[in-house]
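Work through the exercises below with the sequence and the structure open. Each task is followed by its solution in steps.

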Amino acid sequence: MKSLKHDPFLTKSQFSAFASGILFLFAYWLFGFDGITFSDDVYYLLAGQKFWEGSMEVNDYHFSSRWGAYVPAGLIGLIFGFDPHKISLISLLSYVITLFLLVKVLPKASLTWVLVLWLCTQVYLLHFLTKVYPDSLLVLWTTLIPVAAPYRKSKPVFSGILMISALFIGFVTKETIVFLAPFPLLLFYFDLKEKKLNWSFYISLLGTAILLTIAYLGYFWIAFGHPLHRITSINAGHYISDYTYADKGFWSIFERLTILPVQTFVERAYWPWMVFALPGIIEGWKGRNSAARVFSLALACLILGFWFMSSTLAFYNPIYLNPRHLIILIPILAFLIASGWRSWKVNVKWKNYLGMLLGLGIVVAMLIQDWKMAAFNAAFLLPLYIKNQKISTALFGLILLFPAIYSIQYQKNLKQYDNLIHTLTSELQTTDSKENIYTHSFLDFSKKVLLADDSLAQEKLLSLYQFSQDSLPQPERLKVFIYDYYLHAYPEEQEDIDAISVWLSKNYELVESQRTGNITVSEWKLDVGK
């Protein structure tokens, strides 16, 4: 640690901010774990385990070729054991390296503590710190691409190889990183325009891109008989849902391309980050900060990609703006916020512009009746106009840290994950081997993670909708396990609860019902008189 203090790119204040950021991220990872999400993370956890066991197979399902998502996670599981919290160390590692890279390229004249504060407090970024998702790892690869760009003059060959390698590894982690595919082309355009081309950089970049593309397409050609199999599998994986637009007509697409992006940025707490990044973007384009200019280009690629990209190449269907996907914006935005922080502090016009944009966020939040987000955006107006720098800084810190820290207890109270694991395990242990427990589809889907290494218990746990598939004669006894978290995360499963309730009332008699926290377990026996 002492040697780090003398490193030429870390001043004493930079080191203090950097170390504080790492400690905060570690503390959040340690105390903020609220369990798995009962969704895609289950696939990545199990795929990672299978990979290192040698049983993982790449197939038509596009998740199976996201090696960058599950191979590193599986390695952590191999080392520390199959525990979702421990395996999410890979997300912590990704965030820490991201912070390191950003601090390294941030100009010394910029405020490192601003970068750390805005990077480490976005609630969605933090929520997935304790999860195993490709988006958490994509945070690193997305950051590494613009980080490599400033070195294209001093270390051109290394920079070119690093940029394309980050783009490639990011792609085999999750396809979202294709939004940054135009980034090298934009660099070439501006370098050519300003007569600053370094051919060594672009030749190494192009050569690395060609080699990796041949290797990638060649793999699918050999394994599946077609080099573009990966793309066709993505197209085939498209399905109609509440979050698709093409199937709902022109006005649905129009709303998605006009109103919904701004609404999403406000509703999901991204708006202040976008507002306070604007001075850094302007500073970069004025030529005062070359790194900020590079990050501005990267941000433009990402924003345009999220705004207009289609979820399938078969027809145009704008992607759903999932707040989890948007976390890759945060490192870029945090860097730009730090780069332009001093410029707006001494400029009344800038303060007024930022105040108006925050006001727009408040109006949008009020129109959708999201009073929390309205208050959150309004809170930034106070430190924006306060002249006393110490008070202003303290208020910014308080406004950003409070939601981040509060979210820990909020999520734990909402999910009560420890209670779920304890109650589920206890009920399965006390249930007769011939007696099944019916529960939510998302718990049944997650049982290999929730009940790892207990195959007998996994067999006893069935989805609620499977009751109709039971062959006659009907089971003499059964249990129903209701986890109230479904109301928040999977409200559509109410249909399954209603259906089994009707079936039970016709055929069974309630023996016992117990409620523990947010879980209700009811035991039923067959009523032969009905």
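**Exercise 1.** In which loop is Gln369 found?

Solution. The model is predicted, so local features are taken only at pLDDT of at least 70 and side-chain atom pairs only at pLDDT 80 or more, while totals for chains, interfaces and linings use all residues. Residues are numbered from 1 along each chain as its sequence is written, and side-chain values use heavy atoms, with hydrogens and water left out.

Step 1. Gln369 is located in the loop between H19 and H20; helices (H or I, at least four residues) and strands (E, at least two) are DSSP runs, numbered from the N terminus.

Step 2. Gln369 is not a glycine, yet its phi is positive, at about 60 degrees. Most residues other than glycine have a negative phi.

Step 3. Gln369 counts as exposed because its relative accessible area is 58%. The classes are buried (under 20% relative accessible area), exposed (over 50%) and partly exposed (in between), with a 1.4 Å probe and protein chains only.

**Exercise 2.** Describe helix H15 and the residue with a positive phi just after it.

Solution.

Step 1. Helix H15 covers residues 260-267, and its buried residues are Leu260, Pro261, Thr264, Phe265 and Val266.

Step 2. These buried residues pack against several helices, among them H14 (250-258), H16 (271-285) and H17 (290-308). H18 (329-345), H19 (348-367) and H20 (371-379) also belong to that set.

Step 3. Just after H15 comes Ala269, with a positive phi of about 65 degrees. Ala269 is in the loop between H15 and H16.

Step 4. With a relative accessible area of 6%, Ala269 is buried, whereas Gln369 is exposed.

**Exercise 3.** Which residues does Leu99 contact, leaving aside its neighbours within four places in sequence?

Solution.

Step 1. Leu99 belongs to helix H6 (residues 89-105). Its relative accessibility is 0%, so Leu99 counts as buried.

Step 2. The contacts of Leu99 beyond those neighbours are Phe18, Gly21, Ile22, Val116 and Leu119; contact means heavy atoms within 4.5 Å.

Step 3. Take Leu119 from that list. In sequence, Leu99 and Leu119 are separated by 20 residues, and their C-alpha atoms lie 7.8 Å apart.

**Exercise 4.** How many salt bridges does a search of the whole structure find? Compare three of the pairs by burial.

Solution.

Step 1. The search returns 15 salt bridges, each being a side-chain nitrogen of Lys or Arg within 4 Å of a carboxyl oxygen of Asp or Glu.

Step 2. One pair is Lys131 and Asp34, whose closest N and O atoms are 2.5 Å apart. This pair links distant parts of the chain, 97 residues apart. Lys131 sits in the loop between H8 (123-127) and H9 (134-148), and Asp34 in the loop between H2 (12-31) and H3 (40-53). Lys131 is buried at 2% relative accessibility, and Asp34 is likewise buried at 2%.

Step 3. Another pair is Lys196 and Glu194, with an N to O distance of 3.8 Å. Lys196 is partly exposed at 44% relative accessibility, and Glu194 is partly exposed at 30%.

Step 4. In the pair of Lys447 and Asp444, the closest N and O atoms are 2.9 Å apart. Lys447 is buried at 16% relative accessibility, as is Asp444 at 15%.

Step 5. Elsewhere, salt bridges that share partners join Asp40, Asp135, Lys174 and Arg324 into one network.

**Exercise 5.** Summarise the protein chain as a whole.

Solution.

Step 1. The secondary structure amounts to 28 helices and 5 strands.

Step 2. The radius of gyration is 26 Å, which agrees with the value near 24 Å for a compact globule of 530 residues. The radius is taken over C-alpha atoms, and the globule rule is 2.2 Å times the number of residues to the power 0.38. Along its principal axes the C-alpha trace spans about 90 × 60 × 55 Å.

Step 3. Of the 530 residues, 51% are buried. Among contacts between residues at least 6 apart in sequence, 74% join residues at least 24 apart.

Step 4. The chain exposes about 25,000 Å², of which carbon and sulfur atoms supply 65%; accessible areas come from the Shrake-Rupley method with a 1.4 Å probe, and for residues only the protein chains shown count as cover.
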